[in-house]
Amino acid sequence: MTHTSQVVVIGGGQAGLAAGYHLRRLGIDFVILDAQTTPGGAWQHAWDSLRLFSPAAYSSLPGRLMPQQPGEPYPDVQHVVQYLADYEKRYELPVERPVGVLGVHRDGQHLRVETDSGTWHARAVISATGTWWRPFLPAVPGRADFEGRQLHTVEYGTSNDFSGQRVVVVGGGNSAAQIAADLAYDTQLTWVTQRPPRYLADDIDGRALFDTATARRRALDEGRTDTGGVASLGDIVAVPPVREARDRGLLKASPMFSRLVPGGVEWADGTRAETDAIIWCTGFRPTLSHLAPLQLRGLRGHIATEGTRAVDEPRLHLLGYGDWTGPASATLIGVGRPAREAAREISALLTAGTT
Ligand code: FAD
């Protein structure tokens, strides 16, 4: 089947919904194509005990505050999924599910969006496909030799799956710290990080990260000196479960091992830890393979952007992948502003095309 829409938004997670909110306000005809069967984007696949690193009010999309979760200062994933499901209903966002986009192609005045459920022709495309679908695993010698279980953050569900086992958690960010805290009580845990863990002060959370990103954006917008990103504050927000495990002395980090051996991990000095499972909390890369036909990727695999607009294809906007598509754009509260800018630019493009 062939469809026509002024704008196609690819991805129905928070970034796609924020784009939809602003496109709707500008009266633009659009559709959101999402590969999932149900609302919530990546959040519906996250592990059971995950907590947001900001309170609810600081985790809101444009137009609607995230409600407080009773008894939880930092909402859990079920609460976020419910919020996103309510959000798309409330604003009657036209989300088509499940529709997987296979490729975006130039086609004269249009961009042609090929999917597993037909073809869409659009004047502009917003790609908002997130990073969850491209987990990153570092190259470590011996990885193929290890005989235990290896999984990435995206495959972790609950600590019950590892009860009584010897588990190594790799990574120094929020995912690793939260998963290590989850496992700390009921497994023989080894947590390894490339450098000693850097906790934000206990009274600082994602709000400060957002404020810092906002201050930086203002400075850059006004041509002032770069105030520095959020990295200077630390890497790990001490949400209550992390703080508790750390304060009980259960979160002791070891340096990174140098290789895997069949029975576990080995450090450069020959020390070994016998291991049943290794959980790689080693990050993500943007999910961009559907844009390959446009041949826009440059150094480090990134597509060059000005704001959210692809420099070499002005009909394409990228939203939510990280700071290179707008400061804090990969967070719930931060994606609203770049979404608004993308919608405004697209509105101008459509208007210019009709005059
Ligand atoms: P996603 O939620 O991944 O949504 C993308 C959607 O696009 C998905 O539904 C996917 O199926 C779909 N899609 C992908 N490819 C295609 C395709 N080819 N065709 C059609 N559809 C496609 N942010 C915060 O603000 N606070 C936090 O506390 C926080 N904690 C985080 C914890 C973890 C472990 C992670 C990984 C991230 C966290 N983030 C947090 C960051 C961010 O908010 C989430 O990553 C969020 O899910 C990003 O939303 P998104 O819409 O960009 O992508």
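Which residue in β3 stands opposite Ile32? I started my notes with that one, and the residue is Val95. I should jot down at once that I am working from a predicted model.

**Entry 1: around β2**

I looked at how β2 sits next to β3 (residues 95-96): the two strands run parallel and are joined by 2 bridges. Then I followed the chain from β2 to β3, which takes me through helix α2 (residues 77-90) in a right-handed β-α-β crossover.

Next I checked β1 (residues 2-10), which pairs with β2 in the parallel sense, over 4 bridges. Here I find Val8 opposite Val31 of β2. I also traced β1, helix α1 (residues 14-25) and β2 together, and they form a right-handed β-α-β unit.

I wanted to know where the side chains of β2 (residues 30-33) go. Phe30 and Ile32 point one way, Val31 and Leu33 point the other way, and I have all of them down as buried. So I note Val31 as buried and facing Val8 as its opposite number in β1.

**Entry 2: two domains**

How is the chain divided into domains? The assignment I looked up gives domain 1 as 2-133 + 284-353 and domain 2 as 149-199 + 235-280. I put their centres, taken over C-alpha atoms, 32 Å apart. For the contact I count 11 residues from domain 1 and 15 residues from domain 2.

I then turned to the area. The size of an interface is often given as the accessible area lost when the parts come together. For domain 1 and domain 2 I get about 1100 Å² buried between them, with 66% of it on carbon and sulfur atoms. On the domain 1 side, I looked for the three residues that supply more than any other three, and they are Trp47, Phe53 and Phe284, with 51% of the area domain 1 buries against domain 2.

How many salt bridges cross the interface of domain 1 and domain 2? I find 0.

**Entry 3: salt bridges**

My count of salt bridges comes to 19. I went through a few of them.

The pair Glu313 and Arg106 has its side chains meeting at 2.8 Å, N to O. I like this one for its reach along the chain: Glu313 is in strand β17 (residues 313-318), Arg106 is in strand β4 (residues 101-107), and they are 207 residues apart. Buried or exposed, I asked of Glu313? With a relative accessible area of 3%, Glu313 falls under the 20% cut-off and so is buried. Arg106 is partly exposed, because its 41% lies between 20% and 50%.

I moved on to Glu266 and Arg259, whose closest N and O atoms in the salt bridge are 3.1 Å apart. Glu266 counts as buried at 12% relative accessibility, while Arg259 is partly exposed at 35%.

Then came Arg337 and Glu341, a salt bridge with closest N and O atoms 3.1 Å apart. Both of these residues lie in helix α6 (residues 336-354), and I note them as 4 residues apart, about one turn of the helix. For exposure, I have Arg337 as partly exposed at 28% and Glu341 as partly exposed at 31%.

Which residues are linked in a network of salt bridges? I wrote down Asp202, Arg243, Arg246 and Asp247.

Methods. Residues numbered from 1 in each chain as written. Predicted model: local features only at pLDDT ≥ 70, side-chain atom pairs only at ≥ 80, totals over all residues. Heavy atoms only, no water. Buried < 20%, exposed > 50% of the residue type's maximum accessible area, 1.4 Å probe, protein only. Pairing = 2+ DSSP bridges. Right-handed = clockwise from strand over helix to strand, strands pointing away. Domains from an automatic or database assignment. Contact = heavy atoms within 4.5 Å. Buried area = accessible area lost by both parts, 1.4 Å probe. Salt bridge = Lys/Arg side-chain N within 4 Å of Asp/Glu carboxyl O.
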